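Student: Before we look at the coordinates, could you show me how to read side-chain pairings and burial together, taking one feature at a time?

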Amino acid sequence: MLCAISGEAPQVPVVSPKSGSVFEKRLIEAYIAENGKDPVNGEELSTDDLIDVKSQRVVRPRPPTLTSIPSLLSVFQEEWDALALETYTLRQTLAQTRQELSSALYQHDAAVRVIARLTKERDEARDALSKVTVGARSAAASGGEAMQVDSTGLPEAVLARVESTQASLSKTRRKRPVPEGWATGDAISTFKPTESSNPLYPGSKAFAVNSSGELALIGGADGAVGIYSIPQKQVVQNLQANGPVTDAAWAGEKAIVASSTGSVKVFEHGNEVANFNSHAGAATALAVHATGDIVASVGADKSYVLYDLTTNSVITQIFSDASLLSVKIHPDGHLVAAGGVDGQIKIFDIKTGASAATFTMSGPVKSLFFSENGVFLAAVTENSTTVSIWDLRSAQESKVLETGSQVDSINWDYTGQFLLTAGPSGLTVHQYTKASKSWSEPLRSAVPAVAAAWGSAAQAIVALNSEGGVTELTAQ
């Protein structure tokens with residue numbers, strides 16, 4: 001007869017009529033005073049309910065002594081039994097944990113497979129949508145031509161701005177003198193990198209410097225966009241795109257950002273003022289018209305789109321026969337050049353959307369840039385070490401510049417003298433001398449970059465590396 005609380009033989013045994021258990025009187029009374037319940041079954045119990053048990057006084061046995069071998073063996077046996085029981089319990093728990101882990105890993109693998117399948121279906125749906133869209137345009141057009149136009153031309157108000165800008169710029173462009181204080185080839189040859197900023201937006205590829213040369217627009221792979229002050233060497237404003245940023249541009253004070261979701265966002269003074277979603281797939285590149293208030297974007301859906309920033313509206317959408325990777329607008333504003341994955345540079349008349357010319361390259365056209373004199377177009381294909389210079393007057397490739405390393409980005413300066421290239425192995429500047437119609441290389445730097453741009457008056461080069469850090473090169 002043992003106490004249900006202490007597990008020892010009670011000195012003053014009592015019985016609970018609620019559970020029929022035997023307790024040491026002092027222990028059960030203390031428990032009732034604190035809880036008012038039977039400790040075995042939890043029923044209400046008072047001290048008056050307890051029943052005394054008449055028994056002989058228990059004489060406690062003498063504790064075993066460990067002075068003899070039999071008593072030692074008995075203690076060791078008890079310890080071994082306890083250890084064996086604990087080991088069995090641990091093995092049982094380990095087996096259960098392994099089973100739960102195996103089930104969790106199986107569920108994780110199944111989830112990954114489902115995500116991969118859904119991602120594939122999404123990409124197939126986007127591709128199908130772009131084909132359906134292009135197919136619809138083709139069915140509507142006559143003769144099934146390769147280039148399809150979504151509209152008959154630009155609205156009258158926009159057309160007037162385009163024609164006025166073209167008329168004013170085309171008259172003076174070729175005779176325009178080099179601005180006073182502009183960098184020379186000798187000065188550029190002394191450019192050295194200054195201290196780089198810390199990584200800002202890892203995975204960045206989108207990069208644009210405003211006309212003052214003081215602010216840079218940087219877009220990250222996570223959709224974060226920063227306005228970076230070049231003199232202060234820090235981010236002064238943060239923006240957010242709808243997805244991984246593919247390109248960025250400045251239109252005066254407005255920041256334009258394109259993303260892989262097909263979105264084109266417009267920000268002014270840190271506030272989002274417009275969000276366009278005309279592309280069925282990713283929006284891959286941006287370009288700003290000479291008017292400063294018209295922007296073009298190209299996308300994987302084989303189209304380019306024009307936006308009017310004065311009304312924050314879509315002007316027109318023109319479809320081609322291949323996905324487009326790059327875009328630039330002629331300095332006079334009358335032509336749009338788009339580089340395709342099919343290795344063709346497609347030149348469109350911006351007023352009508354009709355095809356004006358096609359230049360064939362050796363691979364997907366990654367980057368384009370018009371010379372400011374309006375005569376030349378520079379182009380680079382993916383993983384190429386050369387830059388092709390096309391003469392728009394003859395529609396011929398007039399020069400191939402060898403850089404010796406991969407080129408990811410090109411940028412012509414305002415005077416049309418200096419062509420800047422950027423790639424993972426460094427930067428180069430090629431200089432075109434109009435008098436002798438020859439090319440030279442005043443600068444070759446080992447600063448790695450995914451994109452680069454000219455600073456104010458070409459007195460500096462600003463480069464963005466793959467980790468999102470910014471490096472400025474200036475004369476030493």
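Tutor: Let us begin with a single residue, Lys346, which counts as buried because its relative accessible area is 0%, under the 20% limit. Please keep in mind throughout that this is a predicted model.

Student: With which residue does Lys346 form a salt bridge?

Tutor: The general idea is that side chains of opposite charge can pair when their charged atoms come close. In this model the partner of Lys346 is Asp321, and the closest N and O atoms of the two are 3.1 Å apart. Since Lys346 belongs to strand β20 while Asp321 sits in the loop between β17 (313–319) and β18 (324–329), the salt bridge ties together parts that are 25 residues apart in sequence. Asp321, with a relative accessible area of 37%, is partly exposed, whereas Lys346 is buried.

Student: How many salt bridges are there by this rule, and which residues are linked with Arg161 in a network?

Tutor: The count comes to 11 salt bridges, and the network that includes Arg161 also contains Asp293 and Asp308. Within that network, the side chains of Asp308 and Arg161 meet with an N to O distance of 3.1 Å; Asp308 is in strand β16 and Arg161 in helix α3 (residues 156–172), so that distant parts of the chain, 147 residues apart, are linked by the pair. Asp308 counts as buried at 5% relative accessibility, while Arg161, at 22%, counts as partly exposed.

Student: What is the N to O distance for Arg444 and Glu441, and are these two residues buried or partly exposed?

Tutor: Their side chains meet in a salt bridge at 2.8 Å, N to O. Arg444 is partly exposed, with a relative accessible area of 47%, and Glu441 is likewise partly exposed, at 34%.

Student: Let us turn to the rings: how many aromatic pairs does the structure hold, and why is the pair of Tyr304 and Phe348 classed as it is?

Tutor: The structure holds 8 aromatic pairs. The ring centres of Tyr304 and Phe348 are 5.0 Å apart and their planes stand at 55°, so this pair is tilted, the angle lying between the 30 degree and 60 degree limits. Because Tyr304 lies in strand β16 (residues 303–308) and Phe348 in strand β20 (residues 344–349), the pair ties together parts that are 44 residues apart in sequence. Tyr304 counts as buried at 1% relative accessibility, and Phe348 counts as buried at 1% as well.

Student: How far apart are the ring centres of Phe418 and Trp454?

Tutor: Their centres are 6.1 Å apart and their planes are at 45°, so this pair too is tilted. Phe418 is in strand β27 (residues 418–423) and Trp454 in strand β30 (residues 451–454), and the pair links distant parts of the chain, 36 residues apart. Both Phe418 and Trp454 are buried. Elsewhere, one aromatic cluster is formed by Phe376, Trp412, Tyr432 and Trp439.

Student: Finally, what does the side chain of Ser326 reach?

Tutor: The side chain of Ser326, a residue of strand β18, reaches the backbone oxygen of Val365 at 3.1 Å. Ser326 counts as buried at 3% relative accessibility. Leaving aside neighbours within four places in sequence, the residues in contact with Ser326 include Ala285, Val298, Gly339, Val365 and Leu368.

Definitions and conventions:
Residues numbered from 1 in each chain as written. Predicted model: local features only at pLDDT ≥ 70, side-chain atom pairs only at ≥ 80, totals over all residues. Heavy atoms only, no water. Phe/Tyr/Trp six-rings, centres within 6.5 Å; stacked < 30°, edge-to-face > 60°. Helix = DSSP H or I, 4+ residues; strand = E, 2+ residues; numbered from the N terminus. Buried < 20%, exposed > 50% of the residue type's maximum accessible area, 1.4 Å probe, protein only. Salt bridge = Lys/Arg side-chain N within 4 Å of Asp/Glu carboxyl O. Polar contact = N/O pair within 3.5 Å; in protein donor to acceptor, adjacent residues only side chain to side chain. Contact = heavy atoms within 4.5 Å.
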